[in-house]
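Please read the following walk through a protein model with the sequence and the coordinates at hand. The paragraphs begin at a loop, move to the sheet and end with the chain as a whole.

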Amino acid sequence: MCTLLLVGWLMPCAARTAQCTNTSDCTADLLAALNSCENVDIPPLPGSMPWIVTPLHIVCSNQRITLHTGTVVEAKRGAFKGLGDHLLHLDSVSNISIVG
């Protein structure tokens, strides 16, 4: 992994572009990109389709996640059943930036 030191912060310097191969459930593809421990670019899907996902658990610190203009990340119907369910779960990670 390529790492860049900026003012005391370790930041991955590579960016990975997420791709969705199954538009009815993009979870596996998006998690593969998010858990690569690289910066991640999330582009809009063709035809303004949303990225349909089940709960996403991010396990890597020191990431910048960029949602490009027009990108929509949407909860998969029926995948969130509990009152405490949430789209993004960040546990024991630090230095995460979500922009866009």
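S48 lies in the loop between β4 and β5, where helices (H or I, at least four residues) and strands (E, at least two) are DSSP runs numbered from the N terminus. With a relative accessible area of 66%, S48 is exposed; the classes used here are buried for under 20% relative accessible area, exposed for over 50%, and partly exposed in between, with a 1.4 Å probe and protein chains only. The phi of S48 is near 60°, a positive value in a residue other than glycine. Most residues other than glycine have a negative phi. C37, in the loop between α1 (27-34) and β4, likewise is not a glycine and has a positive phi, of about 65°. C37 counts as partly exposed because its relative accessibility is 25%.

This is a predicted model, in which local features need a pLDDT of at least 70 and side-chain atom pairs count only at pLDDT 80 or more, whereas totals for chains, interfaces and linings use all residues. Residues are numbered from 1 along each chain as its sequence is written, and side-chain values use heavy atoms, with hydrogens and water left out.

From C37 the path leads to Q63, which touches C37 and also, among others, A33, L34, E38, N39, V40 and I58, residues up to four places away in sequence not being counted; contact means heavy atoms within 4.5 Å. Q63 is found in strand β7 and counts as buried because its relative accessibility is 0%. Its side chain reaches the backbone oxygen of L34 at 2.8 Å.

Another residue that Q63 touches is N95, which is found in the loop between β9 (88-90) and β10 (96-99). The two residues are 32 residues apart in sequence, yet their C-alpha atoms are 6.6 Å apart in space. N95 counts as buried because its relative accessibility is 18%. The side chains of N95 and N62 are joined by a polar contact of 3.1 Å, that is, a pair of N or O atoms within 3.5 Å, of which, within protein, one must be able to donate a hydrogen and the other to accept it, while residues adjacent in sequence count only if both atoms are side-chain atoms.

Which order do the strands of the sheet follow? Four strands form an open sheet with parallel pairing, in the order β3-β4-β7-β10, and two strands pair if DSSP finds at least two bridges between them. β3 (15-17) and β10 are the edge strands, each pairing on one side only. Within the sheet, β4 (residues 39-42) and β7 (residues 63-67) pair in the parallel sense over three bridges, and I42 stands opposite L67 in β7.

Taken over its length, the protein chain has one helix and 10 strands, which run from the N terminus as β-β-β-α-β-β-β-β-β-β-β. Of its 100 residues, 25% count as buried. Among contacts between residues at least 6 apart in sequence, 66% join residues at least 24 apart. As for pLDDT, the predictor's confidence in each residue from 0 to 100, the chain averages 88, and 86% of the residues score at least 70. Among the elements, strand β1 (residues 3-6) has the lowest mean pLDDT, 51, and strand β5 (residues 51-53) the highest, 97.
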